[in-house]
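Me: I am new to this structure and would be grateful for a close look at a single part of it. Please take the answer step by step.

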Amino acid sequence: MAAEQSLQAPATPSGDTRIHNIGYRSYDGPRLGRSYARMSLYSQSLRGAYGLGRSAKSKVLPMLLFVVMCVPAAIMVAVAVATKAKELPLDYTRYAIVMQAVISLYVASQAPQSVSRDLRFKTVPLYFSRPIETGDYVRAKYAALASALFILTAAPLLVLYVGALLAELDFTDQTKGFAQGLVSVALLSLLFAGIGLVIASVTPRRGFGIAAVIAVLTISYGAVSTLQAIADVQGSGDAGILIGLFSPITLIDGVQSAYLGASSAFPGGVGPDRTEGLLFVLVTLGLIAGSHALLMRRYKKVGL
C-alpha cells in the first residue's frame, strides 16, 4: 500500500528544475524558393572570391592580385598619353596571355576557397536539403568564380580602353579591340573557372587544392610552350599548333588568333588558321561543358 501511495504522489521538482516556453512557431513569412537561394549562393560566393564579408586577411591576396593585373595597364596608358603614341603598347587580346601567371595564381587561391570549406565541414548535404538542388549549387559556384575571373581580367582592359580614348587614339579601332578582348577573357574565365573548380572539388584540403591547380595550369603551359619551341626549331609548325591543344592558356590563344584577329604567342607568331581554330574552339567548349558535367557528378555523390 505504501508503494502505491508513493507512485500516486505528485513529483516534486528539484530546486534547479525550470520549464521554459521558448515560443516555437511555424514560419509564416514569404518563401522565396530556389531562384532566390541560388542567387544568394552566387552573390555570397562572388563576394567571397574577393574576400568581401570575410576577415581582412582573406582580402589581401585577391585584392593584391587585382592591383597587379591593373597596374601594368595603367602604366601603358600613362606612357601612351605622355608620348602621344598612335597605338597602345599591347593589344587587348594579348593582355591576359601576358598576365596568365597572375590569373593562374588567382584561380589557384580562390577555387579551393569556393568549394573546399563546404567539403571539409560537410555542409554540402545541408545545401541540398532544401530548396536548392545539385545543379543549382554547381551552377552558382561556377558562375561566381567565372564572374570573379571576368572582373579580374576585364578591369585592366577597361583601363586600357579609357586610357586609349584619353590619348585620342582611333575610337573605332579601340572599341573593336576592346570588344574582342572582352570576348577572349570571357571564354578564358569560363575555362579556367571550370578547371579550377573540378580540381578543387577533389579534395577538402585547401592547401592540396591550391598546389594541384597551380601544377595543372602552370606545368601544362610550360610543357606545351617547350614542346612548341622544339617543334618550331625542327620546322614542324603544324605539330606545334596541335600541341597547343593541351594547355588552357594556349587554347585561348589559338581561338583568339584564329577568330578574333589577335597576334599569336605561338613560336614564330604563327597561330592556327580558321580551320585549325575550329578544333581549338571545340576543345575549349568541350572542356567547359566537361567541367560542368564532372562537377555535377561529383556533387551528386557528395550530397548523398
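Is Q228 buried or exposed, and what is its relative accessible area?

Reply: The model is a predicted one, and the description below should be read with that in mind. Q228 has a relative accessible area of 4%. The cut-off for a buried residue is under 20%, so Q228 counts as buried.

The residue belongs to helix α9, which covers residues 206-233. When neighbours within four places in sequence are left aside, Q228 is in contact with G240, I243, G244, T250, F266 and P267. Two of the helices that help to cover the buried residues of α9 are α10 (237-243) and α11 (248-259); α5 and α8 are also among the elements that do so.

Q228 is one of several buried residues in its helix. The buried positions of α9 are G209, V213, L217, S220, V224, Q228 and A231. A general property of helices helps in reading such a list. An α-helix has 3.6 residues a turn, so residues three or four places apart point the same way.

The length of the helix can be checked as well. With 28 residues at 1.5 Å a residue, α9 should span 40 Å, and the distance of 41 Å between its end C-alpha atoms agrees with this. Just after α9 comes G235, which takes a positive phi of about 80 degrees.

Helix α3 (residues 56-83) offers a parallel case. It has 28 residues, and from its first C-alpha to its last it reaches 40 Å, close to the 40 Å expected. Its buried residues are S58, P62, L65, M69, C70, A73, M76, V77 and A80. The cover over them includes α4 (92-98), α5 (100-120) and α7. After α3 comes K84, whose phi is positive, near 55 degrees, although K84 is a residue other than glycine. K84 lies in the loop between α3 and α4 and is exposed, with a relative accessible area of 69%. E168 also has a positive phi, of about 60 degrees, without being a glycine. The loop between α7 and α8 (171-200) holds E168, which counts as exposed at 72% relative accessibility.

Helix α8, named above among the cover of α9, contains L187. Beyond the residues up to four places away in sequence, L187 touches I252, V255, T284, L285 and I288.

The wider setting is given by the largest nonpolar core, which has 71 residues; Y95, L160, F192 and Y299 touch the most other members. Helix α7 (residues 134-166) gives the most to this core, with 15 residues. Y299 touches V115, L119, V124, F128, T134, Y137, V138 and S201, again not counting residues up to four places away in sequence.

Helix α7 also packs with α2 (residues 33-48), at an angle of about 35 degrees and with the axes 8 Å apart. The crossing of these two helices is right-handed. On the α2 side the contact involves R34, R38, L41, Y42, S45 and L46, which meet D136, Y137, A140, K141, A143, A144, S147, A148 and I151 in α7. The residues of this contact divide into nine nonpolar, two polar and four charged.

To return to the opening point, Q228 is buried, lies in α9 and has G240 and F266 among its contacts.

Conventions:
Residues numbered from 1 in each chain as written. Predicted model: local features only at pLDDT ≥ 70, side-chain atom pairs only at ≥ 80, totals over all residues. Heavy atoms only, no water. Core = buried A, V, L, I, M, F, W, Y, C linked by side-chain atoms within 4.5 Å. Buried < 20%, exposed > 50% of the residue type's maximum accessible area, 1.4 Å probe, protein only. Helix = DSSP H or I, 4+ residues; strand = E, 2+ residues; numbered from the N terminus. Contact = heavy atoms within 4.5 Å. Axes fitted to C-alpha atoms, helices over the stretch in contact; angles between N-to-C directions. Left-handed = near helix turned anticlockwise from the far one by under 90°. Nonpolar A, V, L, I, M, F, W, Y, C, P; charged D, E, K, R; others polar. Expected span 1.5 Å × (residues − 1).
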